[in-house]
Structures are given as C-alpha cells and as structure tokens.
Amino acid sequence: MNYRHSFHAGNSADVVKHSLLIALVRALQQKPGALTLIDTHAGCGLYDLDGDEAQRTGESTQGVQRAFADPNPLLDDYRAAVQAVNVGAEQHLYPGSPRILAQLLRPQDFLILNEKHPEDAYALRGVMRGTSAAVHERDAYELWLAMLPTRTPRGVVVVDPPYEQTDERARITATLAAAHRKWAHGVTVIWYPLKDRATHWRWKQQLRRLGIPKLLMVEHWLYDGEQPGIYNGAGLYIVNPPYAFTQALPPLLEALRVALAPEGHRGEITADWLGD
Ligand SMILES: C[S@@+](CC[C@H](N)C(=O)[O-])C[C@H]1O[C@@H](n2cnc3c(N)ncnc32)[C@H](O)[C@@H]1O
C-alpha cells in the first residue's frame, strides 16, 4: 500500500466526489429516518495543502482552487464544507471524505470510517476525535460486507480505493455483487479513475452483468479526446441514488464541468444508467 491521498487531496476528482457526496447525503436526509454512512477507504480525514506532499504535485490548483475561483452558487455547499475546517481567511486545510461526512451528520445518523494504512488510520483517529464517528483499521472489502445490512434501515457505503492493485476492479465487482445480495436497497458510491475508454468499457460490461437495476454512472472526462494511459478524469458508480439527487444532478454536473475544465479543454460530465 504505497498510495497516500495527501499527494492528491483537493484535486479535481476530490471536488467532484465530495460535491456529489454532499448532494447525495442531503437528498437522503430529506426524510427523517436515520442513516448509516460507511467510508471503506477513508484516508487521513484532513490534509494540509501547504504541506510538502500536496505542494509536490500541486493538484489542488486544478481542483479546490478552481472551485473557489468559480462564482457558481451550486458549488456553495462544497465550498462551505471546505471552509468549515479552516479558521479565518487563510485556507490551507482540505477535508477528506470523513470530515465532510461528519459535517453532514444529524443526531440520528451514524458514521463508520475505515482505513487500512496504519499511519493514515492513526492520523484519521486524531482528526475525528471529538466526533461520533467509529474508526476501523481493517481491509475495506471485508469491512464492507461485514457492515451489511446496516443497523439503520437506510445507509450509504462509499468505496474510494487507490486502484494500485491490479485486481482492485475485480474485488469491487465481487464485493458489490455480494453486498447487493445482502442489502439490495442500499446506496453505494464507488469512485474510479478514468484513463482509457477501453479499460473502463470492459469493467462496465462486467458490472452490467451483475444485473443491479438502479446503477447510475457519472463520468467526468477532463480533456477533450483520448489521453492513452494518462489520468483523464474520474467517475462514480452510484447504486440506488435517491430521486431528489438524480433530479438535482444535471445543473450541478454542469457547474463542476465549467469550474474544473483545464485550459483549452471543454471537458465532459455525463450521468447515465448502466444498462441503458
Ligand atoms: C483515495 S484514498 C481515500 C480518500 C478519501 N476517501 C477521501 O475522499 O478523502 C484511498 C485510501 O484507501 C486506503 N486503502 C487502500 N487499500 C485499502 C484496503 N484494502 N482497505 C482499507 N483501506 C485501503 C489507502 O491507504 C488510502 O488512504
């Protein structure tokens, strides 16, 4: 496990992922029933964008910094979530998914976080101290299945792996199939990087064969045209997205596309049902 999210925090993929997570949880919270939020690959929870690792890649300049430079009010919730972990005008801290999800909790909701890397798990425990979140240090795929069905009738599982293992997609496919058998109505969000369309297309075919009736695919292609082998954006598979979320999605996706488009590129964000 070499991947450290501190090199990538606040990049364009984080902006899309965290914006959509906020919108998704808020949509589910339109009903008062309790939610269990499970983050299987939680990372450190909080990142210093002025730190060596973030500065070495500079990825946040193409992500959170662009989102703050764009005036679109549809990005206000995302910007407020980032602002909430910073004190005063100086803004150098970036909240990972654990700190974002923790901000959304109502008294009746639960947050379960998991991170396998010992150093990141230690950091995560530190930054979540004082919140109601439970922190685990287990294998994500083992925990994902062990936690289902959730203790509350409704819940969200967020799966955000680094994809450094060649079998990551296969493990996700197998675990999603088993999870769906245990918890068919649950909401699951799976993040993935987009490199070439062929790899992505093959995985889509495998997921399609699972026969999950409501699986939404959001794809954010950063650059116009194929960029073989190079990171070209990211996507989210969302199982059982709530209606209020899918209704609100098109203008939010367009706001994200505009805010995050690299110089000289239009970019593209689409949302389609797998199976259509
Ligand atoms: C992309 S980062 C998570 C970022 C976080 N979800 C966020 O949005 O702020 C992926 C994390 O998964 C952890 N990880 C990798 N393989 C894992 C596994 N099998 N089980 C649990 N955690 C794992 C890595 O150490 C890394 O911190």
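What follows walks through the sheet, the helix packing and the ligand shell of this predicted model.

Start with the sheet. Eight strands make up an open sheet with mixed pairing, in the order β5-β4-β1-β6-β7-β9-β8-β10. The two ends of that order are β5 (134-136) and β10 (268-273); each has a single partner strand, so one side of each is left without a neighbour in the sheet. Going from one strand to the next, the twist averages 15°. At the β10 end, the partner is β8 (residues 215-221), which runs antiparallel to β10 and is joined to it by six bridges. One of the residue pairs here is E219 with T270, the latter being its bridge partner in β10. Over at the β5 end, helix α6 (residues 118-128) packs on the sheet, where it touches β4 (110-114) as well as β5. The direction of α6 makes about 175° with that of β5.

Now for the helices, with α1 as the common member of two packed pairs. Helix α1 (residues 12-28) packs with helix α10 (residues 243-260) at about 160°, and their axes sit 10 Å apart. An angle over 145 degrees counts as roughly antiparallel, and α1 and α10 are therefore roughly antiparallel to each other. Their crossing is right-handed. On the α1 side, the contact is built from S12, V15, V16, S19, A23, L24 and A27, while α10 brings in A244, F245, A248, L252, L256 and L260. By residue class, this contact of α1 with α10 has eleven nonpolar and two polar residues, with no charged ones.

The other pairing puts α1 against helix α5 (residues 97-104), with an angle of about 25° and axes 10 Å apart. That angle makes α1 roughly parallel to α5. Here, too, the crossing of α1 and α5 is right-handed. H18, L21, I22 and V25 are what α1 puts into this contact, and they meet S97, I100, L101 and L104 of α5. The tally for the α1 and α5 contact is six nonpolar, two polar and no charged residues.

That leaves the ligand. Its surroundings comprise 20 residues, of which H41, G43, G96, K116 and A140 come nearest. As for chemistry, the shell around the ligand splits into six nonpolar, seven polar and seven charged residues. So charged residues do turn up around the ligand, whereas the contact of α1 with α10 has none, and neither does that of α1 with α5.

Key
Residues are numbered from 1 along each chain as its sequence is written. This is a predicted model: local features need pLDDT of at least 70, side-chain atom pairs count only at pLDDT 80 or more; totals for chains, interfaces and linings use all residues. A residue is near a molecule or strand if its C-beta atom, placed from the backbone, lies within 6 Å of it. Ala, Val, Leu, Ile, Met, Phe, Trp, Tyr, Cys and Pro count as nonpolar, Asp, Glu, Lys and Arg as charged, and the others, Gly among them, as polar. Two strands pair if DSSP finds at least two bridges between them. Helices (H or I, at least four residues) and strands (E, at least two) are DSSP runs, numbered from the N terminus. Axes are lines fitted to C-alpha atoms, for helices over the stretch in contact, and angles run from 0 to 180 degrees between N-to-C directions. Two residues are in contact if their C-beta atoms, placed from the backbone, lie within 7 Å. Angles under 35 degrees count as roughly parallel, over 145 as roughly antiparallel, 65 to 115 as roughly perpendicular and the rest as oblique. A crossing is left-handed if the near helix is turned anticlockwise from the far one by less than a right angle, and right-handed if clockwise.
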